[in-house]
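This report walks through one protein chain, from its overall build to single side-chain pairs. Keep the structure open while reading.

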Amino acid sequence: MATVLFAWELGDGLGHVNRLLPIARSLAAEGHTCVFAVRNLLTCHASVSGAGFRLFQVPFVTPYADAEVRGKQIETMGDILATVGYSDVPNLRAILAGWQTIFDAVHPSLVIADYAPTAALCARGAVPVINIGDWFTLPPSRLQLLPRFRGGEPRVDEAKLLDVIAKAQAERNRPPLPTLPLIFAGGARNFVVTLPDLDQHKAYRAHPAVGPLDPLPAPATSEPTTDYFAYLSAGFGGTKGVLEALAESRLKGSVFLRDTTDGTRQAWRSRGLTVHDRPQPMVETASNARFVIHHGGLGTLETVMALGRPQMLVPRHLEQSANARLLGEFGVAVAMRSGGRFQPEHVGQALRGLDEEPRFAEAARRKASEIETNGPYPGLGAVVGYCRELLADR
């Protein structure tokens, strides 16, 4: 039996680890040793350790930008890499050394990476890597240049990043990268583990998305018993405006706030909102609501789409904003401006649209029926099957 390292390096929340856990459980059931290296121990210690897996803290750099690019928009995944250590050799050297320490402690026969490019780079030429992810975290590796998010010019020339990578790799007697998108290849097959419709780079993939790793729920058949359920982060500046609008509306529903305190919850309760102390079961809670309000993370988004409930998206950053635009094209959601650039009255307008216009509910039901017809999706079986092939070769 082999040791498999599951790596999560960039991004936030529980979504990345939640995508890795079903694969780990399947491989552990076959007798393999599964070890996790994660960005945030606090958010996922309970779920990973509770499943019986060892846990390491990954090396990472607090995002920063060099003075000459600080005022420019992030345009590619390369620009993101430049903010987390790839813009100069000493930083990348240090992060690679940290990953190598984990590799030396674990001795993996296979690495499975979700938004962990430096783990894949560290393994390059030594250990096979499978990258999993979504359209944003897993750019197509067959392109010569990374896709642009908005169509503008990148902050940082990819040639500069490739030069930094080549120098850091040369110090380790490891091969350079011919193109930057290959950092997301790892030498083995990639898997986009979302609904195929949500892969915004599907035209450039060698393989189509295989679907979510956990089964999606069937379309909800019961009548909603509340107007809304809101799943939001209290640490996001725009959340206050959403809660203000809900408190001022005639709508009835409930809220779960991440990253909050008892005092904050009680303050909103005093405004008339029902605020849960603990996370709610998403399938049951969303089924009972006429629409769901959240930030636009793909896990929640897919679940609510499969249930056939309309959504109000409150994106915090670029990726969620792009997800919101796509759901708007499907006709199943309304969205606020990204980064909290809105006022409570704008939220009120969006809420009235969801409340009063039947087209959102009708489109959501149609989309859920389409998802059910196209399923079940082979995601977990496809990934685990490929893992077996690679481990057999080892």
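## Overall build

Of the 394 residues in the protein chain, 54% count as buried. The model is a predicted one. The protein chain holds 14 helices and 12 strands. Its radius of gyration is 21 Å, close to the 21 Å that the globule rule gives for 394 residues, so the chain is as compact as a globular protein of that length.

Along the principal axes, the C-alpha atoms fill a box of roughly 65 × 50 × 40 Å. The chain exposes about 16800 Å². Carbon and sulfur atoms supply 51% of that area. Contacts reach far along the sequence: among those between residues at least 6 apart, 67% join residues at least 24 apart.

## The six-stranded sheet

In what order do the strands of the open six-stranded sheet lie? The order is β3-β2-β1-β4-β5-β6, and the pairing is parallel. Strands β3 (54–57) and β6 form the edges, and each pairs on one side only. From one strand to the next, the twist averages 20 degrees.

Inside this sheet, β1 (residues 3–8) runs parallel to β4 (residues 110–114), and five bridges join the two. One position to look up is V4, whose bridge partner in β4 is L110. Helix α2 (residues 41–50) lies across β1, β2 (33–38) and β3. Its direction is at about 165 degrees to β3.

## Salt bridges: D197 and K367

The whole structure contains 22 salt bridges. One of them joins the side chains of D197 and K367, at 2.6 Å from N to O. This pair links distant parts of the chain, 170 residues apart. D197 sits in the loop between β6 (190–192) and β7 (226–233), while K367 belongs to helix α13 (residues 359–374).

Are the two partners buried or exposed? They fall into separate classes. K367 has a relative accessible area of 9%, so it counts as buried, the cut-off being under 20%. D197 has 29%, so it counts as partly exposed.

## Salt bridges: E248 with R271, R269 with D277

A second pair to inspect is E248 and R271, whose side chains meet in a salt bridge at 3.2 Å, N to O. This bridge also links distant parts of the chain, 23 residues apart. E248 lies in helix α7 (residues 239–248). R271 lies in the loop between α8 (262–269) and β9 (275–276). With a relative accessible area of 62%, E248 is exposed, because the cut-off is over 50%. R271, at 33%, counts as partly exposed.

R269 and D277 form another salt bridge, with 2.7 Å from N to O. Which class do these partners fall into, by relative accessible area? Both count as partly exposed: R269 at 28%, and D277 at 44%.

Some salt bridges share partners. Through such sharing, D197, K202, K367 and E370 are joined into one network. D197 and K367 are the pair already described at 2.6 Å.

Definitions and conventions:
Residues are numbered from 1 along each chain as its sequence is written. This is a predicted model: local features need pLDDT of at least 70, side-chain atom pairs count only at pLDDT 80 or more; totals for chains, interfaces and linings use all residues. Side-chain values use heavy atoms; hydrogens and water are left out. A salt bridge is a side-chain nitrogen of Lys or Arg within 4 Å of a carboxyl oxygen of Asp or Glu. Helices (H or I, at least four residues) and strands (E, at least two) are DSSP runs, numbered from the N terminus. Buried means under 20% relative accessible area, exposed over 50%, partly exposed in between (1.4 Å probe, protein chains only). Two strands pair if DSSP finds at least two bridges between them. Axes are lines fitted to C-alpha atoms, for helices over the stretch in contact, and angles run from 0 to 180 degrees between N-to-C directions. Contact means heavy atoms within 4.5 Å. The radius of gyration is taken over C-alpha atoms; the globule rule is 2.2 Å times the number of residues to the power 0.38. Accessible areas come from the Shrake-Rupley method with a 1.4 Å probe; for residues, only the protein chains shown count as cover.
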